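Student: Please take one part of this model and go through it closely, strand by strand and side chain by side chain. I would like a connected account rather than a list.

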Amino acid sequence: MVLGKVIGSLVSTVKHSCYQNKKISLVKPVSPREQVQQGVMVAVDLIGARKGDIVLVASEGRAAEELMNFSCRMPVRSMIVGIVDSIDGVDG
Amino acid sequence: MRLGRVIGKVWATVKDDQLDAVKLAIMEVVDENQIATGKTFVAADTIGTRDGDIVFWVSGAEATRPFPERYIPSDVTIIGLVDTLDT
């Protein structure tokens, strides 16, 4: 998994059926000291993270299928799997 | 998944027959401000895009299964058309 920061969301009408009624967030990767890094991920959010939250993002299809308990095969990789409360032990 | 912009199409008559009836789009990777990052892919287009469309796409093994009944030999597949980006 990687650490990320939710910077917003994406609205899409024409999309693969498994994304129907799913919140789709935009997440930028962050370092353990919460410094925003290059790139942006599009992640399905079943947890309800809000803009600005530091989150855990898993990018693996099998994990996504488990979380979305789908029987059909799904083209999904990035999922928000947790909202981070605090990060300890990262020295200055 | 990540963001992209469709910038063209690829036509290939001779190709793997599992790619039959699968449109191929030239897609550049873009960031949350729709600025190109310099990376470009040929992506399987499962939703029928036009040049200039902002899309989101999936890579890896998950890119092979946009269709319920068959796999396609693709590692980059467009799976959604972006209406708006709220950042």
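Tutor: A residue counts as buried when its relative accessible area is under 20%, as exposed when that area is over 50%, and as partly exposed in between. The model is a predicted one. The part I take is strand β4 of chain B, together with what surrounds it.

B:W57 has a relative accessible area of 3%, so the residue is buried. For B:F56 the relative accessible area is 0%, and this residue is therefore buried too. B:F56 belongs to strand β4 of chain B, which covers residues 54-59, and B:W57 is in the same strand.

The sheet comes first. In chain B, five strands form a closed barrel in the order β1-β2-β3-β5-β4, with mixed pairing. Averaged over this sheet and with direction ignored, neighbouring strands are turned by 55° against each other. Strand β4 of chain B runs antiparallel to β1(B), which spans residues 2-10, and four bridges join the two. Within this pairing, B:W57 of β4(B) is the bridge partner of B:R2. On the β2 side, β1(B) is again in an antiparallel pairing, here through six bridges to strand β2, residues 23-30 of chain B. B:K9 has B:A25 in β2(B) as its bridge partner. Elsewhere in the barrel the sense is parallel: β3(B) and β5(B), the latter made of residues 76-81, pair in that way over two bridges. B:A44 stands opposite B:T77 of β5(B).

Next come the rings. Over all chains, the structure holds two aromatic pairs. In one of them, A:Y19 and B:F56 meet edge-to-face, with 5.3 Å from centre to centre and 75° between the planes. This pair crosses between chains: A:Y19 sits in the loop between β1 (2-11) and β2 (23-29) of chain A, while B:F56 is in β4 of chain B. A:Y19 is buried, at a relative accessible area of 0%. B:F56 is likewise buried, at 0%. The pair of B:F41 and B:W57 is tilted, with 5.3 Å between centres and an angle of 55° between the planes. B:F41 lies in strand β3 (residues 36-45) of chain B and B:W57 in strand β4 of chain B, so this contact ties together parts that are 16 residues apart in sequence. How exposed is B:F41? B:F41 has a relative accessible area of 23%, and therefore counts as partly exposed. Its partner B:W57, at 3%, is buried.

The charged contacts can be followed from the same strands. The whole structure has nine salt bridges over all chains. One of these joins the side chains of A:E65 and B:R65, at 3.6 Å from N to O. This pair also crosses between chains, with A:E65 in helix α1 (residues 61-67) of chain A and B:R65 in the loop between β4 and β5 of chain B. A:E65 and B:R65 are both buried.

A further salt bridge brings together the side chains of B:D51 and B:K9, at 4.0 Å from N to O. B:D51 is in the loop between β3 and β4 of chain B and B:K9 in strand β1 of chain B, so the contact ties together parts 42 residues apart in sequence. B:D51 is exposed, at 52% relative accessibility, and B:K9 is partly exposed, at 27%.

B:E69 and B:R70 also form a salt bridge, in which the closest N and O atoms are 3.9 Å apart. B:E69 counts as exposed, at 58%, and B:R70 as partly exposed, at 26%. Salt bridges with shared partners also link A:R62, A:E65, A:R77, B:E62 and B:R65 into one network.

Last, a note on the surface of chain A. A:L46, A:I47, A:L67 and A:I83 make a nonpolar surface patch of about 320 Å². A:L46 is in the loop between β3 (41-45) and β4 (54-59) of chain A, and its relative accessibility of 42% makes it partly exposed.

Definitions and conventions:
Residues numbered from 1 in each chain as written. Chains lettered and ligands numbered in written order. Predicted model: local features only at pLDDT ≥ 70, side-chain atom pairs only at ≥ 80, totals over all residues. Heavy atoms only, no water. Phe/Tyr/Trp six-rings, centres within 6.5 Å; stacked < 30°, edge-to-face > 60°. Buried < 20%, exposed > 50% of the residue type's maximum accessible area, 1.4 Å probe, protein only. Patch = residues over 30% accessible without salt bridge, like charges linked within 9 Å, V, L, I, M, F, W, Y side chains within 5 Å. Areas by Shrake-Rupley, 256 points an atom, 1.4 Å probe, with all protein chains shown as cover. Pairing = 2+ DSSP bridges. Axes fitted to C-alpha atoms, helices over the stretch in contact; angles between N-to-C directions.
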